[in-house]
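Work through the exercises below with the sequence and the model open. Try each task before reading its solution.

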Amino acid sequence: MIDIHTHVLPGVDDGSQSMEESLELLAIAADSGVHTLIATPHCNIPDEYENYASPELTELFERLDRERAEAGIPIRLCRGMEIFATPELPELLRTDRIWTLNGTRYFLMEFAFQEDPDYCREILRRCRELDYLPIIAHPERYDFVQEDPDIAYEWCTLGYGLQLNKGSILGRFGSEPRATAHLLLEHGLAACVASDAHSPFQRSTYMAELRDYLIEELGESYTRLLLEENPARILNGRELLGYEPIPFW
Ligand SMILES: [Fe+2]
């Protein structure tokens with residue numbers, strides 16, 4: 001499996017708080033069948049987690065990867081960020097202030113849970129105009145998508161990738177995100193599923209349970225599409241695959 005959304009860089013956001021915790025998160029991922037993982041620290045959250053591209057952030061990433069190798073953890077670590085959507089986002093992409101997913105045209109972004117859908121539409125359109133390809137983190141957690149899943153359908157038909165969270169599917173964020181995640185899966189609107197891991201204890205990088213659950217619910221080939229095939233396409237900057245999206249009307 002490939003996990004494209006994790007908070008494993010130590011001490012930069014509300015994810016891992018130390019190098020030890022980061023190594024534990026990587027070991028848990030590897031043990032549960034993940035062979036490649038993208039570190040996606042929160043970025044562009046004003047006054048909280050700014051984390052723009054910098055030599056210090058590069059050094060931290062490289063230090064984690066060195067320690068991973070020394071600890072013998074068999075996993076490939078790649079760079080990314082989870083970028084909070086502000087009006088500056090397109091400009092940040094254009095001026096290389098942020099890390100896209102493994103240096104491709106794909107970038108992982110998140111919205112405020114109660115964002116105005118028209119605002120989302122406008123930011124996404126401006127990023128797309130610059131030839132960047134949005135991967136939208138956990139749409140099933142947004143209030144406005146729960147209320148109107150047509151928004152997810154529209155995003156999907158515009159070619160944006162929808163990344164669902166492991167915890168939503170397994171019911172760890174409550175009934176609404178769970179129901180919406182399952183609805184999006186049934187309608188063929190998800191490009192991939194990731195851990196959005198924050199700590200070894202809660203919201204971890206352990207993915208085997210999710211894989212087994214998805215195989216049971218959706219079958220082997222859909223599960224493979226969500227946990228391996230599309231994440232690999234994101235890593236390599238190739239076009240996403242999917243089923244024909246099913247509208248809600
Ligand atoms: Fe996240």
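The exercises go from the whole chain to single residues, and the model is a predicted one.

**Exercise 1. Overall build**

Task: State how many helices and strands the protein chain has, and judge its radius of gyration against that of a compact globule.

Solution:
- Step 1. Count the elements. The protein chain holds ten helices and nine strands.
- Step 2. Take the extent. Along the principal axes, the C-alpha atoms fill a box of roughly 55 × 40 × 30 Å.
- Step 3. Compare with the rule. A compact globule of 249 residues would have a radius of gyration near 18 Å, and the protein chain has 17 Å, so the two agree.
- Step 4. Check burial. Of the 249 residues, 45% are buried.
- Step 5. Check contact range. Take contacts between residues at least 6 apart in sequence: 75% of them join residues at least 24 apart.

**Exercise 2. The open sheet**

Task: Give the strand order of the six-stranded open sheet and find its edge strands.

Solution:
- Step 1. Read the order. It is S3-S5-S6-S7-S8-S9, with parallel pairing.
- Step 2. Find the edges. Strand S3 (42-43) and S9 each pair on one side only, which makes them the edge strands.
- Step 3. Look at the S9 edge. Strand S8 (residues 161-165) runs parallel to S9, and three bridges join them. Asparagine 165 has alanine 194 in S9 as its bridge partner.
- Step 4. Recall the general rule. Strands of a sheet pair through backbone hydrogen bonds, either parallel or antiparallel.

**Exercise 3. Strand S6 and its two neighbours**

Task: Describe the burial of S6, the directions of its side chains, and its pairing with S5 and S7.

Solution:
- Step 1. Check burial. In strand S6 (residues 106-110), five of five residues are buried.
- Step 2. Sort the side chains. Tyr106, Leu108 and Glu110 point one way, whereas Phe107 and Met109 point the other way. Every one of these is buried.
- Step 3. Apply the rule. In a regular strand the side chains alternate between the two faces of the sheet.
- Step 4. Go to S5. Strand S5 (residues 82-84) pairs with S6 in the parallel sense over three bridges. Phenylalanine 84 stands opposite glutamate 110.
- Step 5. Go to S7. S6 and S7 also run parallel, with four bridges. Here tyrosine 106 has leucine 133 as its bridge partner.
- Step 6. Trace the connections. S5, helix H3 (residues 89-94) and S6 form a right-handed β-α-β unit. S6, H4 and S7 form a right-handed β-α-β unit too.

**Exercise 4. The start of the chain**

Task: Which unit do S1, helix H1 and S2 make, and how do the two strands pair?

Solution:
- Step 1. Start with S1. All five residues of strand S1 (residues 2-6) are buried.
- Step 2. Pair it. S1 and strand S2 (residues 36-39) are parallel over three bridges. Threonine 6 has alanine 39 in S2 as its bridge partner.
- Step 3. Add the helix. With helix H1 (residues 19-31), the two strands make a right-handed β-α-β unit.

**Exercise 5. The nonpolar core**

Task: Name the residues that touch the most other members of the largest nonpolar core.

Solution:
- Step 1. List them. In this core of 67 residues, they are Leu108, Leu162, Ala190 and Val193.
- Step 2. Find the main contributor. Helix H10 (residues 220-235) gives the most to this core, with five residues.
- Step 3. Look around leucine 162. Beyond its neighbours within four places in sequence, its contacts include Ile136, Trp155, Leu184 and Ala190.

**Exercise 6. Three loop residues**

Task: Are aspartate 131, histidine 138 and phenylalanine 201 buried or exposed?

Solution:
- Step 1. Take aspartate 131, in the loop between helix H4 (117-129) and strand S7 (133-137). It has 9 C-beta neighbours inside 10 Å, so it counts as exposed. Its phi is positive, about 80°, although it is not a glycine.
- Step 2. Take histidine 138, in the loop between S7 and helix H5 (143-147). It has 26 C-beta neighbours inside 10 Å, so it counts as buried. Its phi is also positive, near 30°.
- Step 3. Take phenylalanine 201, in the loop between strand S9 (192-194) and helix H9 (208-218). It is exposed because 8 other C-beta atoms lie within 10 Å. Phenylalanine 201 and leucine 25 are 176 residues apart in sequence, yet 9.3 Å apart in space, C-alpha to C-alpha.

Notes
Residues numbered from 1 in each chain as written. Predicted model: local features only at pLDDT ≥ 70, side-chain atom pairs only at ≥ 80, totals over all residues. Buried ≥ 20, exposed ≤ 12 C-beta atoms within 10 Å, placed from the backbone. Pairing = 2+ DSSP bridges. Right-handed = clockwise from strand over helix to strand, strands pointing away. Rg over C-alpha atoms; globule rule 2.2 N^0.38 Å. Contact = placed C-beta atoms within 7 Å. Core = buried A, V, L, I, M, F, W, Y, C linked by C-beta atoms within 7 Å.
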